[in-house]
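This report walks through one protein chain, element by element. Keep the sequence and the coordinates open while reading.

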Amino acid sequence: MFIDSARIYIKAGDGGNGVVSFHREKYKPSGGPDGGDGGNGGDVVFVVDEGSRTLADFRYKRHYKADSGQDGGAANCTGRSAEDLIVKVPQGTVVKDAETGRIIADLTKPGQTAVIAKGGKGGKGNQHFATPTRQIPSFAKAGDPGDEKWVLLELKLLADVGLLGFPNVGKSTLLSVVSAAKPKIADYHFTTIEPNLGVVSIPGIESFVIADIPGLIEGAHEGTGLGHEFLKHVERTKLLIHVVDVSGSEYRDPVEDFKVINEELRKYNQQLSERPQIVAANKMDVTGSEDNLKKFRDAIEPLGYKVFPISAASNQGIKELIYAAADMLKTIPDSILISEADTEVVYTAEEEKPFEVRRENNTFIVEGKWIKKLVASTNFENYESLQYFQRAIKKKGVVDELEKLGVNEGDTVKVHDWEFEYMR
């Protein structure tokens, strides 16, 4: 089953906690702190797998979690860092943040990797908090949490040439003639309900990959028919072969069909309307096609398109069409394959504010990623750890922000799950 989109949850590993420990050895009554650091959590890394062709696996498994780092140990022993979680995806997968829609990575090359979620750093053991005035620190830092998010996976097939046109114009038949692909072929609309790939290998030309895209109809850019789901696959092609039923066998105007499809491309993505395109005037074996071909050429060729009369059913004109496509491919740069950006990773997370302070009635609320980590690392029942917490929030500017909002002695300050009475 061909699946080209999925929504999954990923969670990088948390960092291991630092440890409170003191050296214990005979004849060394004051060995000092020796709590080890926690290990780092594992990253979630996406890797392009050349053997994969669909996102079907992600429909059945939607949650991916990397292991957390181990806690530190006594005798300055550092906890083991976790292994990265490797997630294999097909070539051509675009990874987007589900909440913002921004692109995290565009994976187009075999073996390409991208870190999608970063593991948390291990917490520091109490050995790091010893000072001349605090020689026996009885607190350590907890490990940082790993990144977590929902992401959207979107597969855009990588092909050199894309076949497009109205339903039942002969795209699948053409693909079966020029390659070893065996798409479903029948005399009714929307026979092709998923993209098909084939390799064109003819003596005298360099082989290339061709894709048969399900038929488009007017309104495809808005989701009408099957086109909305599969137009994205055309974005990856370097060259388009626009197949038109020049015989008018279904009582449609070939010129109007050609204009409608190109307008759908323009509305969906302006880049597609500018993509190099040649025209295959198909079904030349049908009576009356010669007269229609002359009218079609008179209307289309002045627009700069080259028209090739063919009959996919009788193999007429196929060789000339394929040789022309192969010659054009030599002049088209590969950079056209990527429509979103020219770089491997096009989204970088903005630096988050360390904290935010807001007031709700008589309660002052402090929240944010940094302050949350600080709270998790603090033992509020330990005097030294509490002093460290107070110095940290003052140095970071939390106290200044509270006073700007008008905090007074005795007011309640809530820091995540903890509530304090403000004292100057």
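## Helix α8

On one side of α8, K372 and A376 are exposed. The model is predicted, so every statement here is about a computed structure. Opposite those two residues lies another set: I371, L374 and V375 are buried in α8, which spans residues 369-376. The buried three cover an arc of only 100° around the axis, which puts them on the same side of the helix. An α-helix has 3.6 residues a turn, so residues three or four places apart point the same way.

What covers the buried residues of α8? The cover includes two strands from the end of the list, β17 (412-415) and β18 (418-421), along with β16 (363-367) and helix α9 (383-396).

## Helix α6

Helix α6 covers residues 289-300, 12 residues in total. Its first and last C-alpha atoms are 16 Å apart, close to the 16 Å expected at 1.5 Å a residue. The buried residues of α6 are S289, L293, F296 and I300. They cover an arc of only 70° around the axis, so they sit on the same side of α6. The face turned away from that buried side carries D291, K294 and K295, which are exposed.

The buried residues of α6 pack against four elements: β12 (239-245), α4 (254-268), β13 (277-282) and β14 (307-309).

## Strand β12

How many of the residues of β12 are buried? Seven of the seven are, so β12 is largely enclosed by the rest of the structure. In a regular strand the side chains alternate between the two faces of the sheet. Both faces of β12 are covered. One side holds L239, I241, V243 and D245. The other side holds L240, H242 and V244.

β12 pairs with β9 and with β13. Strand β9 (residues 161-164) runs parallel to β12 and is joined to it by four bridges. In that pairing, G162 stands opposite L240. With β13, β12 pairs in the parallel sense over six bridges. Here V243 has A280 as its bridge partner.

## An open three-stranded sheet

Another sheet is open and has three strands, in the order β4-β2-β7, with mixed pairing. β4 (85-90) and β7 (113-117) stand at the edges with a single partner strand each, so one side of each is left without a neighbour in the sheet. Neighbouring strands of this sheet are turned by 35° against each other on average, direction ignored.

Strand β2 (residues 44-49) and β7 run antiparallel and are joined by four bridges. F46 stands opposite A114 in β7.

## A buried valine in α10

V398 is found in helix α10, residues 398-404. Its relative accessibility is 3%, so V398 counts as buried. Which residues does V398 touch, beyond those up to four places away in sequence? They are F355, V366, W370 and I393. V398 and V366 are 32 residues apart in sequence, yet their C-alpha atoms are 8.0 Å apart in space.

## The whole chain

The protein chain has 10 helices and 18 strands. Of its 424 residues, 47% are buried. Among contacts with a separation of 6 or more, 72% join residues 24 or more positions apart. The chain exposes about 21,900 Å², and carbon and sulfur atoms supply 47% of that area.

Methods. Residues are numbered from 1 along each chain as its sequence is written. This is a predicted model: local features need pLDDT of at least 70, side-chain atom pairs count only at pLDDT 80 or more; totals for chains, interfaces and linings use all residues. Side-chain values use heavy atoms; hydrogens and water are left out. Buried means under 20% relative accessible area, exposed over 50%, partly exposed in between (1.4 Å probe, protein chains only). Contact means heavy atoms within 4.5 Å. Accessible areas come from the Shrake-Rupley method with a 1.4 Å probe; for residues, only the protein chains shown count as cover. Two strands pair if DSSP finds at least two bridges between them. Axes are lines fitted to C-alpha atoms, for helices over the stretch in contact, and angles run from 0 to 180 degrees between N-to-C directions. The arc is that of the directions from the helix axis to the C-beta atoms. The expected span of a helix is 1.5 Å times one less than its number of residues.
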